[in-house]
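I opened the model today and kept notes as I went. Here are the entries, in the order I made them.

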Amino acid sequence: MQETGLIQDIVYTGVPGLDELLGGGVPRGTTIILEGNPGTGKTTLGIQFLLEGARQYGESGIYITFEELPEQIYRDMSGFGWDLRELERQNKLRIICLEPDVLLDQMMRTDGLFEQLIREIDCKRVVIDSISLFRKLGGDQTDGRDQIYSIRNIMRKFDLTAFFLREYGETEGRSTPFENYVCDGIIRLSLREHLEKYRKRTIEILKMRGTCIVEGEHHYRFLKDGIRILPALSMVEDKILNDGVDRLSTGIESLDELMMGGIPQGSAFMFDSNSKANYKYLMNSIHAERLRQGDCVLFMLSGLSSVETLEQTLELFGVSLKEAALEERVFFIDHYHRKVAPEYENRIVYVDRLSNEEYQKKVYEAINPYFRESMVLGKRWFIHYDLNTIISERGREFVKRNFADEMARCRAAGITVLCQSNFTEIGLETSSFLERASNGVIRTWVDGSYQYLQITKSPGGRMSAPHIVDNIRDRPYVRLI
C-alpha cells in the first residue's frame with residue numbers, strides 16, 4: 001500500500017467496491033486518469049462516478065465527450081436503469097459534446113462556457129472522454145503536454161474532482177506518458193483471457209496521491225445497475241465468528257490490523273510455516289500477550305521447543321513463565337520426557353510411550369478438571385497445538401480421526417486454539433483437511449531474501465495481501481510491511 005497523507009476532504013466515488021480500493025475515496029480536487037482498451041467500460045465507470053455523486057452525495061457533474069453524441073450516451077446508459085435526462089432536468093448533470101480545441105478555448109476564457117456551466121449547476125465532478133485526442137492538438141513536438149497541463153490546472157482552480165479517460169493501447173510499449181506525472185492518480189481497466197474459454201475484467205489502482213490504496217488487480221462486473229468491483233482476496237464471511245466476538249491481540253500491532261483486531265476468541269487458527277521461515281518471534285509474541293493478559297495457556301511442546309527454551313524466549317517479551325506456573329495458568333504436554341525445573345513439575349503431562357488411546361485419556365484426565373474450574377471463574381484458555389509433533393508421534397490417521405472433533409469441542413467451550421503446522425511437509429490431502437477444520441489460516445514463508453506473512457483464511461471472509469516480515473530491535477521484534 002502507498003503511504004497515506006493528511007486528507008482534508010474525501011470524495012466518495014459511490015461505485016461499489018471502488019472506494020474500498022481507494023482507502024475510502026479520493027482527495028477532493030484530484031485529477032485521475034482512467035485508462036483501458038476499448039470495451040473495458042471506461043465510459044460506464046465515468047458516468048457512474050457522476051451519477052452516484054449526484055444521487056448519493058448531492059454533487060453535480062459534467063460529462064464532456066468528443067466522439068459520442070449525448071443521445072447515444074442516454075441510450076447506452078438507460079440499459080442500467082439510469083435516467084440521465086432526469087438528472088439534467090434537476091441541474092445535477094450536464095452532458096456536452098465539443099471539439100477538443102473548442103473545449104480548451106472555452107476553458108481558458110474568463111466567464112467562458114465551461115465556467116458558466118460550473119456555476120449553473122454548482123459542479124463538483126468532471127469526466128473528460130477522452131484526453132487521448134489532445135495529443136493531436138499539441139502536434140508531434142509536444143505530444144499535447146501543454147494542453148493536458150492547462151486542463152489539469154483548470155480542474156484545480158475550480159476544485160473539481162476529475163476523471164480523464166484515456167485509451168491504454170496507444171501508449172503501451174512506449175515511454176511513460178506525460179500525463180502520468182501531471183495527474184494525481186491512475187486507474188487501469190483491463191480485459192484479457194481467463195481459463196481459456198472466458199475473459200476476465202480487472203481494475204488496478206496504479207497511482208493515487210494522498211490516500212492509501214489496495215494494490216493488485218481486482219475483478220469487476222457489469223451488473224444490471226452498473227459496474228461493481230470485487231476486491232481481491234475476499235470470500236464468504238462467517239458472521240457467527242465475526243459479529244460481537246472478542247478479539248485476542250497477538251502482541252504485534254500490524255498483525256492485529258490484518259486480523260481486524262486479533263484472533264477471535266473461541267476460534268481455531270492454523271499457523272502454516274516452512275522450515276526456512278523464522279516463526280519464533282511471531283509465535284512467542286502471541287504466547288506472551290496471552291499470558292500478559294492473564295489467560296491460561298496450554299503448550300504442546302515440540303522436539304525443538306522445551307520448557308526451558310520457551311521460558312528464555314518469553315523473558316525477551318517481559319513475561320515470566322515461572323510466575324504463570326506458580327499461578328497455575330500454564331500446562332505443558334511433552335512427548336519427549338525432558339527434565340524440568342521444580343516449578344513446572346506439576347504443570348507438565350508426559351505422554352511418551354503411550355498408545356493413542358492412552359494419550360487421549362491421560363491428557364483429558366490431567367487437563368479437563370482445570371478447564372472446568374478456571375472457566376467457572378471466568379478465565380480464558382488458549383492452546384498452542386503443535387500439529388507437526390502430533391503427526392510425527394501419533395500419525396496422520398490419528399489427526400484425521402480426532403482433530404475436527406477436538407477443535408469443535410474447544411470452540412464450544414470458548415477456548416482459542418493456534419495450531420502450528422507445515423502444510424508442505426504433511427501433504428495436500430492432510431493440509432486441506434486441517435484448513436477446512438479451522439476458522440483461519442496464517443501462513444508465513446521465505447521467498448528469496450524475504451520472509452512473508454499472509455492471512456489466507458479468516459472468519460471475516462477476507463484474505464490479506466502478502467506482507468514482508470521485518471525484524472526490529474524492540475518488542476515484539478517483528479512487524480509486517
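The notes below cover a pocket, the charged side chains, some pairs across the chain and the backbone.

**Entry 1: what I am looking at**

I am working from a predicted model. I kept that in mind for every entry.

**Entry 2: the second largest pocket**

I started with the second largest pocket. How much space lies in it? I read about 610 Å³.

Next I looked up the lining. I found 28 residues around the second largest pocket. Nearest its centre lie Y279, S302, L304, S305 and Q420. I then sorted the lining residues by kind. Eight are nonpolar, 16 are polar and four are charged.

Which elements each supply at least two residues of the lining? I noted three helices, α11 (280–292), α12 (307–316) and α15 (387–394). I also noted two strands, β15 (296–300) and β18 (381–386).

**Entry 3: D386**

Strand β18 led me to D386, which is found there. I checked D386 for a charged partner. D386 is buried yet has no salt bridge. The nearest side chain of opposite charge is that of R338, 8.9 Å away. A salt bridge needs nitrogen and oxygen within 4 Å, so I could not count that pair. What does the side chain of D386 reach instead? I found the backbone nitrogen of T389 at 2.9 Å.

**Entry 4: salt bridges**

How many salt bridges does the structure hold? I have 25 on record. I wrote up three of them.

D9 with R28 came up at 2.5 Å, N to O. The pair links distant parts of the chain, 19 residues apart. I placed D9 in the segment before β1 (10–11). R28 sits in the loop between β2 (26–27) and β3 (31–36). I looked up accessibility for both. D9 is partly exposed at 35% relative accessibility. R28 is also partly exposed, at 21%. The cut-off for buried is under 20%, so R28 at 21% falls outside that class. I then followed the contacts outward. D9, R28, E59 and R125 are linked in a network of salt bridges.

E86 with R89 was my second pair. Their side chains meet at 2.9 Å, N to O. Both residues lie in helix α4 (residues 84–89). They are three residues apart, about one turn of the helix. I put E86 down as partly exposed, with a relative accessible area of 30%. R89 counts as exposed at 58%.

R209 with D184 was my third pair. The closest N and O atoms are 3.2 Å apart. R209 lies in the loop between β9 (198–208) and β10 (217–223), and D184 in the loop between α9 (178–182) and β8 (185–194), so the pair ties together parts that are 25 residues apart in sequence. Is each partner buried or exposed? R209 is partly exposed at 37% relative accessibility. D184 is buried, with a relative accessible area of 7%.

**Entry 5: sequence separation and distance in space**

I compared two C-alpha pairs.

I32 lies in strand β3. At 0% relative accessibility, I32 counts as buried. I paired I32 with M208, 176 residues apart along the chain. Their C-alpha atoms are separated by 8.0 Å.

R199 lies in strand β9. I have R199 as exposed, at 57% relative accessibility. R199 and F178 are 21 residues apart in sequence. In space I read 31 Å, C-alpha to C-alpha.

**Entry 6: the backbone**

I looked for cis peptide bonds and noted two. The bond from D129 to S130 is cis, with omega near 0°. S130 is in the loop between β6 (123–129) and α7 (134–142). The bond from R475 to P476 is cis, with omega near 5°. P476 is in the loop between β22 (467–471) and β23 (478–480).

Then I turned to positive phi in residues other than glycine. For E328, phi is near 55°. I placed E328 in the loop between α13 (321–326) and β16 (330–334). E328 is partly exposed, with a relative accessible area of 45%. For R353, phi is near 65°. R353 is found in the loop between β17 (348–350) and α14 (356–376). At 84% relative accessibility, R353 counts as exposed.

Key: Residues are numbered from 1 along each chain as its sequence is written. This is a predicted model: local features need pLDDT of at least 70, side-chain atom pairs count only at pLDDT 80 or more; totals for chains, interfaces and linings use all residues. Side-chain values use heavy atoms; hydrogens and water are left out. On a 1 Å grid over the protein atoms alone, a cavity is a set of points where a 1.4 Å probe fits but cannot get out, and a pocket is an open set with protein on both sides within 12 Å along at least five of seven lines; lining residues have an atom within 4 Å of a point. Grid points are joined across faces, edges and corners, and a volume is the space filled by probe spheres set on the points. Helices (H or I, at least four residues) and strands (E, at least two) are DSSP runs, numbered from the N terminus. Ala, Val, Leu, Ile, Met, Phe, Trp, Tyr, Cys and Pro count as nonpolar, Asp, Glu, Lys and Arg as charged, and the others, Gly among them, as polar. Buried means under 20% relative accessible area, exposed over 50%, partly exposed in between (1.4 Å probe, protein chains only). Lys and Arg count as positive and Asp and Glu as negative; His and the chain ends are not counted. A polar contact is a pair of N or O atoms within 3.5 Å; within protein, one must be able to donate a hydrogen and the other to accept it, and residues adjacent in sequence count only if both atoms are side-chain atoms.
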